[in-house]
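Biologist: I would like to learn how to read features off a model of this kind. Please take them one at a time.

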Amino acid sequence: MDIEHDRVLNPDEDAPKPGSGLVLASETLPPTINLLPVETRPFFPGQAIPLVIGERWEPTIRAVMNTEQNIVGVLLLRDDAASLPTPTDFHRMGTACRIHRVQKADNQLQVLIEGLQRFRISEWISRKQPYTASVTYFPETRYADVQEIKGYAVAIINTIKELLPLNPLYGEELQLFLQHFNPNEPSQLADFAAALTTASRKELQDVLETVRILPRLEKVLSLINKELEVARSQMAIRKQVEEEIQGRQREMFLREQLKAIQKELGISKDDRTAELDEFRARIAELEVPEHAQRRLDEEMKKLGMLETGSPEYAVTRNYLDWLTSLPWGVHTEDQFDLARARKVLDRDHESLDDVKQRIIEFLGVGIMRGEITGSILLLVGPPGVGKTSLGRSIAEALGRRFYRFSVGGMRDEAEIKGHRRTYIGAMPGKFIQGIKETGSANPVIMLDEIDKVGASYRGDPASALLEVLDPEQNDSFLDHYLDVRFDLSKVLFVCTANQLDTIPGPLLDRMEMIRLSGYLTTEKLAIARRHLLPRQMKRAGINRSQLRVDRAALRAIIEGYAREAGVRKLEKKIGAIVRKAVIELLDNAETPIRVRKDDVVHYLGRPDFRAGKRLSGIGIVTGLAWTPLGGDTLAIEATKIHEHSRGLKLTGQLGSVMKESAEIAYSYAMAQAKKLGAGSEFFAKAFVHLHVPAGATPKDGPSAGITMTTALLSLALRRRVPVSLAMTGEITLTGRVLPVGGIREKVVAARRARVKTIIMPQANEGDFEELPDYVRRGITAHFVSRYTEVARIVFPD
């Protein structure tokens with residue numbers, strides 16, 4: 001038999017009438033039936049529902065329609081059933097159904113079926129499609145007036161009545177049920193109520209497999225009560241949402257009415273008028289210069305004529321917002337109190353007495369003048385010595401607001417002078433942003449890492465800084481975004497740098513330089529005890545009663561793990577100890593935890609630096625070097641390789657300047673060997689190797705000239721140089737000793753290395769004398785102008 005589109009296969013049955021043809025005797029239903037699976041939920045006796053199935057089940061439908069009664073068994077598939085089910089994927093209990101109509105549309109079969117009776121598979125006959133099995137039926141029994149059953153039935157009916165007002169769909173289902181079934185039949189009522197719920201397929205299959213009426217009624221009553229709770233929750237949520245929507249609609253309606261009333265009374269303001277009034281209110285509290293006021297009037301007039309939806313309106317509105325947010329004429333009052341300034345600097349910074357004195361002198365000049373204007377300070381020193389925190393302390397000492405930004409790596413000139421308003425997302429430069437953020441026209445603005453400003457095709461920020469940091473020009477600073485001149489002459493600029501080599505000369509010329517050298521061990525110890533350790537303990541949430549670190553332990557950390565000029569690494573090591581102490585405290589360790597010198601290795605591992613004997617011997621001389629991280633000592637070694645031919649070999653990754661310095665030293669030593677007491681025979685025959693450890697570290701500069709000359713002379717004289725002596729200075733071919741830089745850092749490095757005697761150029765005597773007493777204490781300095789003086793000091797006889 002062919003199945004065609006919209007074809008009625010049983011024309012004798014116009015429409016299904018559930019229950020009208022209910023078969024009560026199992027003998028009238030065929031003992032062997034074809035089986036059809038469903039995936040979503042099981043069918044119940046008494047249901048008449050259209051079923052949509054795929055074309056692959058067409059052979060089964062054909063087989064059913066070829067039977068006399070058109071009976072098919074509908075069974076629910078298990079949860080883990082395959083896409084092409086096998087007999088093991090079927091539940092064994094299902095519902096025998098009569099097919100009333102079949103239609104084919106869109107590669108699917110629409111089958112109208114009517115549930116008749118429960119059945120259980122007794123034996124599989126065909127395990128391939130069309131599936132066939134012999135089944136056992138479970139006809140329903142008509143019950144007399146059993147009070148317990150009647151009580152369950154009444155409870156189910158009452159629950160359904162409560163569901164009716166909550167969801168109108170329940171009413172339609174109930175109406176169909178009452179048209180075809182007797183509500184006093186508990187079996188039909190139980191199946192109808194179960195089918196009415198949105199219970200899970202597992203729960204519904206459990207009801208279908210419950211043949212006995214009383215347990216089935218219990219399960220159905222539980223499911224219908226759950227459905228009632230869900231419906232009540234949905235109704236409450238729906239009611240809440242409707243109330244919120246009605247409230248918003250009412251509020252919007254009232255607002256529109258209020259706007260209409262205000263408009264009628266002439267007291268309403270649109271968004272544009274409100275913004276213009278806000279801008280005018282800001283200006284009224286400021287002392288706006290005449291040229292800026294003219295621009296403001298022009299822009300506000302323009303804003304009043306623009307439509308609020310136009311792009312130009314947003315650009316003009318943002319521009320006016322920036323222009324009226326700047327503190328025109330707003331200045332904080334400086335606190336000219338030197339005693340307070342000293343107290344703030346001493347509180348925040350240990351030692352640095354010379355630097356703090358320079359700052360006090362700078363503030364004192366400002367007090368004498370009555371104002372601090374046109375000043376640009378440059379703090380130069382290694383990382384971690386307190387440059388940034390000094391700037392913050394200066395602001396606090398003056399009572400000014402503080403704004404900091406880093407120019408390191410900055411490559412766009414617009415970061416300094418702003419973007420032009422024609423660009424999307426344009427905004428002012430960092431200086432105008434800082435002025436707005438501080439709300440004052442005379443803040444302290446710090447430019448961090450000014451020695452690391454870059455340059456690219458977008459411009460040269462270092463050149464853009466020339467206008468900002470020039471006291472003769474910054475009283476009329478022009479930002480590209482504002483396009484209105486702003487007075488920056490009252491701003492105190494504080495810049496920081498690690499070195500001066502990369503700062504352009506014209507920019508460096510505009511700044512007053514203050515150098516910060518590295519800290520000595522005793523200074524680091526004081527900083528660690530008074531600042532670093534308390535700060536790390538506070539961050540970790542512990543106090544002194546829980547953790548104590550001995551002075552000897554702190555000194556061991558400084559000398560073994562943190563020898564750099566600053567204190568950043570020292571703070572990291574202290575933080576590591578504090579964190580490990582916290583873990584011990586959480587593991588119920590005894591308090592207080594005390595960290596002694598011998599415990600440092602346990603907390604931090606093996607030291608990065610080990611106290612060892614400095615190199616000494618013939619041809620070995622200690623030099624003093626400057627690095628961006630501070631000063632350091634440098635051992636220079638010279639040795640004779642052979643006497644087959646004379647010559648000089650250089651190693652140690654030396655730069656071009658240092659190689660030239662070594663060649664000058666070799667030439668001078670060889671030319672003046674007889675005069676220096678070495679004789680000319682040594683250099684006439686010897687092939688000399690000069691090495692500067694460590695080989696992996698690049699080195700350059702002329703300051704090792706006299707050191708390398710001394711190493712060569714020591715080798716020629718076969719005499720040792722005292723290990724407690726170090727030197728620095730540039731040498732010329734005629735033996736003159738020229739001045740070098742970084743004296744403070746070098747002296748600090750010598751003191752850290754326990755050097756007792758230093759030789760340096762005569763021209764650097766002033767630099768040495770400017771050093772604080774505590775740095776110079778215990779060091780004997782010799783100042784020389786010619787190398788012959790160096791030779792007499794090193795080799796006195």
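Modeller: What follows goes through salt bridges, burial, a charged patch and backbone geometry.

Modeller: This is a predicted model, in which local features need pLDDT of at least 70, side-chain atom pairs count only at pLDDT 80 or more, and totals for chains, interfaces and linings use all residues. Residues are numbered from 1 along each chain as its sequence is written, and side-chain values use heavy atoms, with hydrogens and water left out.

Biologist: How many salt bridges does the structure hold?

Modeller: Side chains of opposite charge can pair when their charged atoms come close. The criterion here is a side-chain nitrogen of Lys or Arg within 4 Å of a carboxyl oxygen of Asp or Glu. By that criterion the structure holds 36 salt bridges. One of them joins the side chains of Glu203 and Lys226, at 3.5 Å from N to O.

Biologist: Which parts does the pair of Glu203 and Lys226 tie together?

Modeller: Glu203 lies in helix 5 (residues 201–209) and Lys226 in helix 6 (residues 213–265), so the pair ties together parts that are 23 residues apart in sequence. Helices (H or I, at least four residues) and strands (E, at least two) are DSSP runs, numbered from the N terminus.

Biologist: How is the cover of a residue described?

Modeller: Buried means under 20% relative accessible area, exposed over 50%, and partly exposed in between, with a 1.4 Å probe and protein chains only. Glu203 has a relative accessible area of 30%, so it is partly exposed. Lys226 is also partly exposed, at 46%.

Biologist: Where do Asp334 and Arg400 lie?

Modeller: The side chains of Asp334 and Arg400 meet in a salt bridge of 2.7 Å, N to O. This pair links distant parts of the chain, 66 residues apart: Asp334 is in the loop between helix 9 (311–325) and helix 10 (338–348), and Arg400 is in the loop between helix 12 (387–398) and strand 8 (402–406). Both Asp334 and Arg400 are buried.

Biologist: What does a salt bridge look like inside one helix?

Modeller: An α-helix has 3.6 residues a turn, so residues three or four places apart point the same way. Arg555 and Glu559 both lie in helix 18 (residues 551–561), 4 residues apart, about one turn of the helix. Their side chains meet in a salt bridge of 3.8 Å, N to O. Arg555 is partly exposed at 31% relative accessibility, and Glu559 is partly exposed at 29%.

Biologist: Which residues are linked in a network of salt bridges?

Modeller: Glu275, Glu278, Arg282, Arg317 and Asp321 are linked in such a network.

Biologist: Which residues gather in a patch of positive charge?

Modeller: Patches are made of residues with over 30% relative accessible area and no salt bridge; like charges are joined within 9 Å, and nonpolar side chains (Val, Leu, Ile, Met, Phe, Trp, Tyr) within 5 Å. Accessible areas come from the Shrake-Rupley method with a 1.4 Å probe, and for residues only the protein chains shown count as cover. Lys and Arg count as positive and Asp and Glu as negative, while His and the chain ends are not counted. The place of a charge is NZ of Lys, CZ of Arg, CG of Asp or CD of Glu. Here Arg78, Arg92, Arg120 and Arg127 gather in a positive patch on the surface. Arg78 lies in the loop between strand 3 (71–76) and strand 4 (93–105), and its relative accessible area is 34%.

Biologist: How many residues of helix 4 are buried?

Modeller: Helix 4 (residues 186–196) is mostly covered, with 10 of its 11 residues buried. Among them are Leu189, Asp191 and Phe192.

Biologist: What is Gln205 in contact with?

Modeller: Contact means heavy atoms within 4.5 Å. Leaving aside neighbours within four places in sequence, Gln205 touches Pro42, Leu76, His91 and Met93. Gln205 is in helix 5 and is buried, at 3% relative accessibility.

Biologist: Which backbone features should I look at?

Modeller: Start with cis peptide bonds. The bond from Gln129 to Pro130 is cis, with omega near 0°, and Pro130 lies in the loop between strand 5 (108–126) and strand 6 (132–138). The bond from Thr591 to Pro592 is also cis, with omega near -5°.

Modeller: Then check the sign of phi. Gln653 has a positive phi of about 55° although it is not a glycine, and it sits in the loop between strand 18 (647–651) and helix 21 (656–671). Arg718, another residue other than glycine, has phi near 60°; Arg718 is exposed, with a relative accessible area of 58%.
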